[in-house]
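Dear colleague,

I am passing this structure on to you, and below it I have set out what I found when I went through it. Please read the notes with the structure open beside you.

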Amino acid sequence: MKSLILIVITSALINNVVLNQFLGICSFLGVSKQIKASASLGVAVIFVITIASAVASLLYDYILAPLGMDFMKTIVFILVIAALVQIVEMFLKKTSPAIYKALGIFLPLITTNCAVLGVALTNVQNGYNFIQSVLCGFGTAVGYTIAIVLLASIRSRIHEEDIPAPLRGAPIVLISAALMSIAFMGFSSLNF
Amino acid sequence: MIILLTTLVITIVGIVVGYGLVYTGKKFYVEVDERETAVRECLPGNNCGACGFAGCDAMAAAIVSGQAPVNGCPVGGAPVAAKVAEIMGTTAGDVERKVAFVQCKGTCDVTHNQGNYVGIQDCRSAVLAGIPVTECGFGCLGFGSCVTACPHDAIHVINGVAVVNRMKCVGCGLCAKACPRGLIDLVPADKHVFVQCSNRDKGPLVKKVCTAGCIGCGMCQRQCEHDAIHVDNNLARITYENCIQCGKCAEKCPAKVITLPFVRNKPEASV
């Protein structure tokens, strides 16, 4: 039990997917203009990554590994994740249009989020079983949400500051993200 | 051998996933009104929000569901309204093209700044800070919140006052929303008589702060034969439904605050 909780905390904070593993930077920088939008994206990512890591784990454990097709895992995972996001989108559109509208463009955007694939591959690399994979996926997505909401909050403050002209726009966001990354390094000294 | 097996397995996975998608697609199919897509394609697509909806997609949905009029897009104007009406099977009615107009004439040579505002160079910030940037409490601040708001590069601050480029203006009204002093009004594009002042103070007070302000003398109201200009709260305002653009009010205005900026060189254009 303790090790499962540890997996969630490790993947969310210590090995933060964005600030420590540098995955999913694209949407991290692109969508973090508004806190609300980034929170929506965060929720969508939690949803998709948790399901994706579950499916990828099952697929690996019961099809790829027994047949000795370890080397094909990247391609299979890409295929499955892309299809999965589509299915989730259709499912949400039908069953809860409100959530579908709130997530909007972010749902399809997640298909191209390398964090999803990254988690699936990390799970395999670490030899996680099904439950561990799901928890690791969930933790990673929570870490992503924390990071993007924090950056969005910082950016909303930056927006009102008098930034030197050459640093306006992307440069100051990258600098902020780098400082956040340094701050998150502090978690690596957590001891359990 | 492993290559064959891999190909086989990947193909099977692909087929399963593909059929899964088709099945879910059918099962969770949501009816989308064809007209919505068609209407959406007619709209300008710059998502300015001037119609009052969240963007062109939301506007298209509102038109189809009957919540918005077919001529609800102020940017597209009559041509777009006609196309949308055709899709919806109704008639568009007349859409008046409107352009923004800045109701202030307080350039740097007729009025002056007051105090020394050094905060964020933005009109709304200045107003929020409560610092009287301009001597006139109603006039253009000149920091250009409207310029930032304009997606069409149609408004610029020239000599301390925002000026609309009527050729580029599409009448979306975003600048009017951005102006903290409410100086910008949407006026019919074919009209060219304007009261270029927003100061509601009494005459002597206006004169003190600006040599180009409306003093509320009522001369224009007396000149007008069509009941189209009225002084209300010490400020003249034109009712465009009645105005025939004769320009008599502008001729008699002692403060020269009623302007005919677009027909100055061709008087034959006015009636």
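What should the 23 residues of helix 4 of chain A span at 1.5 Å a residue, and how far apart are its end C-alpha atoms? The expected span (1.5 Å times one less than the number of residues) is 33 Å, and because the end C-alpha atoms are 32 Å apart, the two values agree. Helices here are DSSP runs of H or I with at least four residues, and strands are runs of E with at least two, numbered from the N terminus.

Before going further, please note that this is a predicted model, in which local features need pLDDT of at least 70 and side-chain atom pairs count only at pLDDT 80 or more, while totals for chains, interfaces and linings use all residues. Residues are numbered from 1 along each chain as its sequence is written, and chains are lettered from A and ligands numbered from 1 in the order in which they are written.

Where the chains meet, 16 residues of chain A are in contact with 14 residues of chain B (contact meaning that C-beta atoms, placed from the backbone, lie within 7 Å). Helix 4, residues 73–95, gives the most to the side of chain A that touches chain B, with 11 residues. Among the buried residues of helix 4 of chain A are Val76(A), Phe77(A), Leu84(A) and Glu89(A), where buried means that 20 or more other C-beta atoms lie within 10 Å of the residue's own.

Turning to chain B, its secondary structure comes to 10 helices and 8 strands, and 34% of its 271 residues count as buried. The largest nonpolar core (buried Ala, Val, Leu, Ile, Met, Phe, Trp, Tyr and Cys residues joined through C-beta atoms within 7 Å) has 69 residues, and those with the most contacts inside it are Val102(B), Cys214(B) and Ile258(B). A second, separate core of 51 residues includes Leu13(A), Val17(A), Leu84(A) and Ile148(A).

Chain B also has two hairpins to look at, given that strands pair if DSSP finds at least two bridges between them. Strand 2 (residues 155–158) and strand 3 (residues 161–164) of chain B run antiparallel and are joined by 4 bridges, with His156(B) opposite Val163(B) and Asn159(B) taking a positive phi near 55 degrees. Strand 6 (residues 229–232) and strand 7 (residues 235–238) of chain B pair in the antiparallel sense over 4 bridges; there His230(B) stands opposite Arg237(B), and Asn233(B) takes a positive phi near 60 degrees.

With best wishes

How values were computed
Two residues are in contact if their C-beta atoms, placed from the backbone, lie within 7 Å. A residue is buried if 20 or more other C-beta atoms lie within 10 Å of its own, exposed if 12 or fewer, and partly exposed in between; C-beta atoms are placed from the backbone.
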